[in-house]
Amino acid sequence: MRYVTAGESHGPALTAIVSEVPAGLPISIEQINADLKRRQSGYGRGGRQKIESDQVVVQSGIRFGKTLGTPICLQVVNRDWAHWTRIMAQFGDRPEGMRREVWPRPGHADLVGALKNNTDDCRDILERASARETAARVAAGGIAKDFLAALGVDVRSYVVRIGSAAMDDDPSQATAYTTGQIETSEVRCPDPEASDCMKKMIDVAKVQGESLGGVYRIVVTGLIPGLGDFDAGPHRLTSQLAAAIFSIPAQKGLEFGLGFEATRRPGSQVHDPIIQSPETGFSRASNNAGGLEGGMTTGMPLILTVGMKPIPTLRTPLNTVNMDTMEVVKASKERSDVCAVPAAAVVAEAEVAMVLANAYLQKFGCDNMDDIKANLRNYLDRIKTLSK
Ligand code: EPS
């Protein structure tokens, strides 16, 4: 399963084409739209989210609620396009006197993108570098999530920290929280007290013209052992998950399971003892590894902890250099969010789901859901005892 997205932040629409999807997979458009809404929500979002109300339009690949095994084209309309038809016009000459963006924001793609692509207007860069594109990823990831759900796999996320406001939590507790606890919080944090602190922190940052980053966890349950491979670097699920997380703008850190804490402990307090029973087959007595050993899933929950940097657009901007005059000036003040950590976690769910869906398809075939499920059952029976 692969996806490609197209679309600028203030263009007519975002598009995702998801290909190599097996036939016969039930698709929940309601679930995809619910995820798009979750991505738009979260305390600390800016004015743009009041304009948009993201809903997916399916252009191909689905019939009577199930996939056809053909490319699925998904579209999310940009309502804001109505205000940008002149600035983002696809054809015609640039209108006389139209402002160019020549005040690149530190931390954003503006400057390096402009140097690289040889443009004197950072808008040519920032329109695509904008995190608006992640709406298309969430739509695409919805297909992967439906595929995983059909195989009994659940992907969720919650926020651990925003700025310096954190909940008291460690990765071993990551499976303890219910969807209700997470999603009723405006910052998607299951601890109500910590949620309030995070919201206060966002309020202060907003007044100061600041932005905030934070930390969130991705938790995947229902996985089988043996997804991914140990035979080559690119086949390791660990490297694929890391690439997927770092493909999301502003994600700067990633820990698996116990993460960096494992580097402080001796081996006996890090590795998870192996256990076995006729009912459950092989398992682990603990899950410090976060569900991965040797680049493969162990069958224990997959636990990723991700760090996001603060958004680069500041209402109290940092110094930059005017690209026309080379004078020191303040960076441009694009309308922006104060904090998008709760939203980034939803995007990461989609990215992780796409990696895991691919790992299942690689292992069990990819034509249709019935064959995949039969292959999966056969595999699970075999690995319970390892007898041939
Ligand atoms: C973004 C700037 C803001 C954000 C945007 C990412 O958009 P605008 O310039 O239209 O105010 O709201 O994110 C989204 C639109 C979104 O849907 O996530 C940026 O510069 O990266």
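These are my notebook entries on a predicted model.

**Entry: the sheet**

I began with the strands. I found an open sheet of five strands in the order β8-β7-β9-β15-β10. The pairing in this sheet is antiparallel. Which strands are at the edges? I noted β8 and β10, each of which pairs on one side only.

Next I looked up β7 and its partner β9, residues 214–221. These two strands pair in the antiparallel sense over eight bridges. I picked out one position there: D154 stands opposite T221 in β9.

**Entry: a hairpin**

I moved on to β11 (residues 274–277) and β12 (residues 281–284). They also pair in the antiparallel sense, over four bridges. How many residues lie between β11 and β12? I wrote down three, and the two strands form a hairpin. I then looked for the bridge partner of I275, and found S283 in β12.

**Entry: aromatic rings**

I turned to the rings. A pair of aromatic rings is described by the distance of the centres and the angle of the planes. My count came to three aromatic pairs.

I took Y158 and Y177 to start. Their ring centres are 4.8 Å apart and their planes stand at 70°, so I logged the pair as edge-to-face. Planes over 60 degrees apart count that way. Where do Y158 and Y177 lie? I placed Y158 in strand β7, residues 154–162. I placed Y177 in the loop between β8 (165–166) and α6 (179–183). The pair therefore ties together parts that are 19 residues apart in sequence. Are Y158 and Y177 buried or exposed? Both are buried.

Then I checked F364 and Y379. Their ring centres are 5.5 Å apart with the planes at 65°, so this pair is edge-to-face too. F364 lies in helix α9 and Y379 in helix α10 (residues 369–383), so the pair ties together parts that are 15 residues apart in sequence. I looked up burial as well. F364 has a relative accessible area of 4%, so I marked F364 as buried. Y379 comes to 11% relative accessibility and counts as buried. The cut-off for buried is under 20%. I also noted one aromatic cluster, formed by Y360, F364 and Y379.

**Entry: charges over rings**

Y379 came up again here. K363 lies over the face of Y379, at 4.1 Å from the ring centre. I found another case at Y43. The charged end of K199 sits over the ring of Y43, 5.2 Å from its centre.

**Entry: the largest pocket**

I looked for open space next. The largest pocket holds about 770 Å³ of space. I listed 36 lining residues, and the closest to the pocket centre are H108, A129, S130, A131 and R132. By class, I sorted the lining into 16 nonpolar, ten polar and ten charged residues.

Which elements supply at least two residues of this lining? I noted α2 (48–51), α4 (123–129), β10 (251–256) and α9 (341–364). Helix α9 gives the most, with three residues. I had already met α9 as the helix that holds F364. Strand β10 was familiar as an edge strand of the sheet.

**Entry: the cavity**

Last, I searched the whole structure for cavities of 30 Å³ or more, and found one. The largest cavity has about 40 Å³ of space. What lines the largest cavity? I wrote down R105, P106, P312, L314, P317, L318, A331 and S332. By class, this lining has six nonpolar, one polar and one charged residues.

Conventions. Residues numbered from 1 in each chain as written. Predicted model: local features only at pLDDT ≥ 70, side-chain atom pairs only at ≥ 80, totals over all residues. Heavy atoms only, no water. 1 Å grid on protein atoms, 1.4 Å probe; cavity = no way out; pocket = protein on both sides within 12 Å on 5 of 7 lines; lining within 4 Å. Points joined across faces, edges and corners; volume = space filled by probe spheres on them. Nonpolar A, V, L, I, M, F, W, Y, C, P; charged D, E, K, R; others polar. Phe/Tyr/Trp six-rings, centres within 6.5 Å; stacked < 30°, edge-to-face > 60°. Buried < 20%, exposed > 50% of the residue type's maximum accessible area, 1.4 Å probe, protein only. Lys NZ or Arg CZ within 6 Å of the ring centre and 35° of its normal. Pairing = 2+ DSSP bridges.
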